[in-house]
Amino acid sequence: MRLPIPRGRRAILALGVPLGLAAAGALVFTQMSAAGKTPAAIPNPGQGQFGPMLALDDKVINLSMTTPGGYKYAKIGVTIEVRPAAASFYQLHGTERTKQETTELASYTDAVPLLVDAVGTTVSSHDSATLTTIDGRATLKSELLVAAKKILGETEVIDVFFTDFVMQ
């Protein structure tokens with residue numbers, strides 16, 4: 001028994017709607033499955049390699065006064081090492097590296113005030129007795145690393161460095 005082939009508008013609806021829905025479903029499926037693929041992660045720098053360095057201005061900060069007679073101020077400079085956009089950055093030298101670093105650091109300009117605030121807030125929560133010890137500075141450095149990762153992104157920040165640290 002053969003079914004008659006529909007003709008006219010009913011034929012268009014009977015065949016066109018299911019085919020159109022199937023095509024739309026296939027398109028959505030391919031787009032969704034492609035979006036789930038993440039690009040290869042940029043590796044951490046190897047021995048003797050460094051990512052772009054985001055230097056924050058030195059800042060004078062009031063310290064917590066839990067220690068009587070201790071230092072009252074800290075002048076601190078912080079530089080944040082960020083992950084480059086491509087692993088090839090680690091191979092650059094001289095002028096090429098400087099240009100690429102400037103280009104990559106430009107994307108962090110809006111976050112600098114947030115980073116400076118985080119440095120001030122984090123440092124001012126410590127007293128001079130804590131910051132005069134090696135362990136105290138290591139703790140401060142790890143707290144600054146956590147704060148920077150919270151602002152810039154967990155995978156964006158590689159390390160935090162003290163470029164200046166003076167108390168008085």
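D58 is partly exposed, at a relative accessible area of 41%. In this predicted model, the side chain of D58 forms a salt bridge with that of K75, with an N to O distance of 3.9 Å. Three salt bridges are counted in total, and a search of the whole structure returns two cavities of 30 Å³ or more. The points below cover the salt bridges, the two cavities, the largest pocket, and two buried residues, E104 and T79.

**Salt bridges**

- The bridge between D58 and K75 has its N and O atoms 3.9 Å apart. D58 sits in the loop between β1 (53-55) and β2 (59-62), while K75 belongs to strand β3, so the pair ties together parts that are 17 residues apart in sequence.
- K75 is partly exposed, with a relative accessible area of 36%.
- K75 also pairs with D164, at 3.3 Å from N to O. This second pair links distant parts of the chain, with D164 in strand β4 (residues 157-167) and K75 in strand β3, 89 residues apart.
- D164 counts as buried because its relative accessible area is 18%, and the cut-off for buried is under 20%.
- Through shared partners, the salt bridges join D58, K75 and D164 into one network.
- E154 forms a salt bridge with K149, and the closest N and O atoms of this pair are 3.9 Å apart. E154 is exposed, with a relative accessible area of 56%.

**Largest cavity**

- The largest cavity holds about 50 Å³ of space.
- Its lining consists of V78, I80, L115, A118, V119, L144, A147, A148, I151 and V160.
- By class, this lining has 10 nonpolar residues, no polar residues and no charged residues.
- Three elements, β3 (73-82), α3 (112-124) and α5 (134-152), each give at least two residues to the lining of the largest cavity. Helix α5 has the largest share, with four residues.

**Second largest cavity**

- About 40 Å³ of space lies in the second largest cavity.
- The residues lining the second largest cavity are L56, D57, K59, I76, G77, V78, V116 and V119.
- Here the classes are mixed, with five nonpolar, one polar and two charged residues.
- β3 and α3 each supply at least two of the lining residues of the second largest cavity. The largest share, three residues, comes from β3.
- V78 and V119 appear in the linings of both cavities.

**Largest pocket and E104**

- The largest pocket contains about 150 Å³ of space.
- A41, I42, R83, P84, A85, E104, S107, Y108, T155 and E156 form its lining.
- That lining divides into five nonpolar, two polar and three charged residues.
- E104, one of the residues lining the pocket, is located in helix α2 (residues 94-105). E104 counts as buried, at 11% relative accessibility.
- Leaving out residues up to four places away in sequence, E104 touches P52, R83, P84, A85 and F89. Among these contacts, R83, P84 and A85 also line the largest pocket.
- The C-alpha atoms of E104 and M53 are 9.8 Å apart in space, although the two residues are 51 residues apart in sequence.

**T79 in strand β3**

- T79 is placed in strand β3, the strand that also holds K75.
- T79 is buried, with a relative accessible area of 9%.
- Apart from neighbours within four places in sequence, T79 is in contact with M53, L54, A55, D159, V160, F161 and T163.
- One of these contacts, V160, is also part of the lining of the largest cavity.

**Strand β3 across the topics**

- Strand β3 recurs in several of the points above. Lysine K75 of this strand pairs with D164 of strand β4, and T79 lies in β3 as well.
- Strand β3 is one of the elements that supply at least two lining residues to the largest cavity, and β3 likewise supplies at least two to the second largest cavity.

Key:
Residues numbered from 1 in each chain as written. Predicted model: local features only at pLDDT ≥ 70, side-chain atom pairs only at ≥ 80, totals over all residues. Heavy atoms only, no water. 1 Å grid on protein atoms, 1.4 Å probe; cavity = no way out; pocket = protein on both sides within 12 Å on 5 of 7 lines; lining within 4 Å. Points joined across faces, edges and corners; volume = space filled by probe spheres on them. Nonpolar A, V, L, I, M, F, W, Y, C, P; charged D, E, K, R; others polar. Buried < 20%, exposed > 50% of the residue type's maximum accessible area, 1.4 Å probe, protein only. Contact = heavy atoms within 4.5 Å. Salt bridge = Lys/Arg side-chain N within 4 Å of Asp/Glu carboxyl O.
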